[in-house]
Amino acid sequence: MATSPCSSSGVSSSSSSGLGADAGLEIRTRSVEQTLVPLVSQITTLINHKDKPKRSDKTLQAIQRVGQAVNLAVGRFVTVGEAIANENHELKEEMSIACIEARRAGETIAQLTDVASLDHPESDSHITIFTDKTGVVKAARLLLSSVTKVLVLADRIVIKQIITSRNKVLATMEQLEKVSSFQEFVQIFSQFGNEMVEFAHLTGDRQNDLKDEKKKARMAASRAVLEKCTMMLLTASKTCLRHPDCESARINKDGVFHRMRLALEQVIEIVTDSRPNGENELPPISIYSAIREFKNKVESLRGNLCFLSKENLSTMLEVILEHTEDFTDSAYTSHEHREHILELTKQAKMELEQLVSVWMQAQNQKTKDLMEDLEVAILKTCQCMNELKREVHSAATSLAADLLKYHTDHMVLKALKITGVEGNLEAVAEYTCKLSEQKEQLVEMCRLLRHVSGTEPLEITCIHAEDTFQVTGPQIISAAETLALHPSSKIAKENLEVFCEAWESQLSDMSMLLREINDVFEGRRGEKRVYLSLPRPGKHNANLKALKPVKLDTEEQAKIAKLGLELHLLTSDVDSETEKWEDQENEIVQHGQGMSSMAYSMYLFTRGEGLLKTTQDLFHQAEIFATEGTKLASALHAFSAQVHDDDKPLLLLEAEKLISMCKQLQITAKASVQGKSATFTKVDACILKTRNAMTLLCQLLPLCWKLLRKNKAGNGCLKPAPPWREDRIQTGTNAHTPERRAESFGIKSLENHVTNMTFLESK
């Protein structure tokens with residue numbers, strides 16, 4: 001894939017072309033960036049022509065055609081920009097100026113590349129002279145700048161739509177807070193649900209379009225809060241209406257409204273790239289980030305001994321050692337890990353002292369021996385940092401694994417539900433204390449995991465998880481107290497169930513997050529394939545209400561949506577089966593998880609979400625899925641050689657079926673098609689064949705697990721399975737990336753809230 005022509009601060013290009021950047025324009029979305037690709041390509045063709053004094057007539061005509069094509073494309077583009085300006089008066093002046101500049105620059109390029117207008121006539125039928133390259137460069141710079149300005153201004157319309165949608169949601173929320181009757185609440189909540197669905201669509205598109213991965217992760221976290229809180233708002237409000245004099249019910253409802261407002265505000269901060277009161281966002285620095293920066297500075301001493309001071313390095317190490325106190329001071333860190341971390345911090349100080357000593361000597365006298373000593377000191381310092389990094393990672397992840405395993409049974413939540421229905425206030429108070437203790441453990445776990453998460457999006461996910469536990473814990477307690485005070489209330493019972501489900505869901509998300517963090521640490525997580533979305537039809541068209549791509553007809557949509565939903569359910573089944581395996585490094589598990597991950601991406605495609613933006617992306621993903629399935633079949637054959645059981649022939653038969661299915665999927669995905677109808681047929685076939693393979697996978701995994709357990713019980717253990725290769729290239733999208741968790745603001749679930757309003761009737 002060609003390198004993108006745009007940077008975050010403007011349009012960049014090669015210095016040879018002489019095209020400058022407009023530092024005042026910041027391109028934050030992929031759609032704006034990619035709209036410029038064809039234009040930059042055409043202009044680059046003109047600018048980078050070979051500077052020969054003689055040119056054939058064919059070359060000049062080619063240059064003239066390119067110049068005319070650029071001018072025509074700019075003309076059409078400007079027409080759309082002018083239409084947008086007419087419909088948005090607050091941007092009309094800026095947009096009109098940018099359109100005039102773009103049209104003028106396009107016409108200039110066409111004139112300068114017109115063979116008939118060249119100052120020097122041709123000497124013969126095959127040769128002429130192209131003189132005014134400087135004029136083309138100047139016009140090209142103006143054109144790129146003005147077109148970029150038009151696109152950025154058009155993008156403001158999208159931001160304005162999101163802000164308008166948010167304002168509508170907030171206004172309706174204020175009405176919901178003040179209602180005093182069920183009938184009025186039902187009517188207003190129906191409107192609120194529709195507005196939330198619109199907001200979900202707009203922010204989902206924006207999230208997928210953002211270039212900045214940190215902003216993407218923050219948007220995903222905010223949208224996840226909004227989805228879960230929508231159902232909480234429903235049941236908490238109903239409880240308050242049913243028990244208007246109950247203080248705990250009021251506290252419960254107020255907490256939901258407050259959290260939704262914060263999430264809505266964060267979405268606006270992300271899309272407008274602003275902070276309240278102009279304050280800068282300064283996220284806490286993780287120990288991983290501090291170690292990485294420290295190591296980079298230390299290693300740079302090889303090339304330059306004088307670019308930083310010893311005080312600078314000492315300060316950086318102090319920051320790292322301060323972060324280790326989060327681990328050593330934690331009541332949940334094991335004694336063994338605490339001792340190892342303390343030992344490594346002492347060693348780090350000693351290594352830095354030795355490094356500084358040799359470094360100071362080398363500055364005064366660059367002898368061979370001193371430079372060799374410096375190299376040894378650098379290596380030892382970096383090695384100590386690596387060991388410290390490994391130790392804190394082990395401390396955080398082992399604590400997380402233990403806590404998640406311990407709380408899997410949700411015994412405290414179950415006890416709260418039972419004692420609440422019994423109206424046993426004393427028992428509820430006892431279990432709320434236990435839940436508070438559990439909350440503190442999980443919050444501490446999230447804080448430590450953030451230090452070792454390895455990537456900024458995962459750090460943001462850890463912070464979001466910490467906030468969720470902090471907020472949801474007290475909300476469960478207030479909901480349980482309400483139920484204990486009104487034990488016969490069905491709505492109070494339903495309300496407690498909703499908050500408990502949110503807690504359980506977050507614990508489940510933590511298991512996936514832990515696996516992702518371990519994958520990043522161990523290098524098993526390959527770079528995910530980047531899918532850049534080209535502008536969709538209508539995105540910047542004059543009819544601003546039609547911001548959706550060309551749609552399939554109703555029957556086609558329904559068919560694809562049904563297949564997508566089946567894929568989603570199958571991926572959940574596969575994930576549940578792979579969770580049973582003790583050895584998560586087993587090749588069968590790894591390939592199964594990879595297939596599930598890719599099938600999930602295809603499901604998101606059916607919803608217009610995720611990384612797969614075009615049908616070509618889908619077909620490419622289907623090919624990779626088939627390849628992963630073939631690798632799984634090979635692993636199954638290797639596994640069958642280790643077992644002796646009556647089910648072995650069945651395992652081999654199913655493996656052969658999988659190979660056949662994957663071959664058919666490969667053929668379908670690679671087949672060339674043209675036209676809307678043929679493309680739909682191919683999309684349908686790819687998803688259908690993927691679904692069939694996933695169905696077979698759901699049968700294979702429990703069969704393998706049963707054989708594994710049976711052989712362990714009968715023969716002591718299996719022969720070692722072929723080791724998982726750490727250098728294996730993962731071509732699939734990881735099943736537990738922030739992108740997958742970002743899907744959590746589910747449009748379907750919100751639409752269900754709107755359609756199932758019958759639950760709001762008075763009970």
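Here is a short chat between a visitor and a guide about the predicted model shown above.

Visitor: What should I keep in mind about the numbering and the model?

Guide: Residues are numbered from 1 along each chain as its sequence is written, and side-chain values use heavy atoms, with hydrogens and water left out. The model is predicted, and local features need pLDDT of at least 70, side-chain atom pairs count only at pLDDT 80 or more, while totals for chains, interfaces and linings use all residues.

Visitor: What makes Asp273 and Lys215 a salt bridge?

Guide: The term asks for a side-chain nitrogen of Lys or Arg within 4 Å of a carboxyl oxygen of Asp or Glu. For Asp273 and Lys215 the closest N and O atoms are 2.9 Å apart, so the pair fits the definition. The partners come from distant parts of the chain, 58 residues apart: Asp273 from the loop between α7 (247-272) and α8 (287-299), Lys215 from helix α6 (residues 213-242). Helices here are DSSP runs (H or I, at least four residues; strands are E, at least two), numbered from the N terminus.

Visitor: Why is Lys215 called buried?

Guide: Buried means under 20% relative accessible area, exposed means over 50%, and partly exposed is in between (1.4 Å probe, protein chains only). Lys215 has 14%, so buried is the word. Asp273, at 38%, counts as partly exposed.

Visitor: How do you know that Glu375 and Arg302 form a salt bridge?

Guide: Their closest N and O atoms are 2.8 Å apart, so they pass the cut-off too. This pair also links distant parts of the chain, with Glu375 in helix α11 (residues 368-406) and Arg302 in the loop between α8 and α9, 73 residues apart. Glu375 is partly exposed at 29%, and Arg302 is partly exposed at 39%.

Visitor: What does the salt bridge between Glu466 and Arg447 tie together?

Guide: The closest N and O atoms of Glu466 and Arg447 are 3.0 Å apart. Glu466 lies in helix α14 (residues 456-485) and Arg447 in helix α13 (residues 425-451), so the bridge ties together parts 19 residues apart in sequence. Glu466 is buried at 15%, whereas Arg447 is partly exposed at 37%. Elsewhere, Glu247, Arg250 and Asp254 are joined into one network by salt bridges that share partners.

Visitor: How many salt bridges are there by this rule?

Guide: The count comes to 21.

Visitor: Why is Leu483 called buried?

Guide: Its relative accessibility is 0%, so Leu483 counts as buried. Leu483 sits in helix α14, and its C-alpha is 9.4 Å from that of Leu425, 58 residues away along the chain.

Visitor: How do you know that helix α15 has a span close to the expected one?

Guide: The expected span is 1.5 Å times one less than the number of residues. Helix α15 (residues 490-522) has 33 residues and reaches 49 Å from its first C-alpha to its last, close to the expected 48 Å. Just after α15, Gly523 takes a positive phi of about 75 degrees.

Visitor: Why is the phi of His410 worth a look?

Guide: Most residues other than glycine have a negative phi. His410 is not a glycine, yet its phi is positive, about 55 degrees. His410 lies in the loop between α11 and α12 (411-422).
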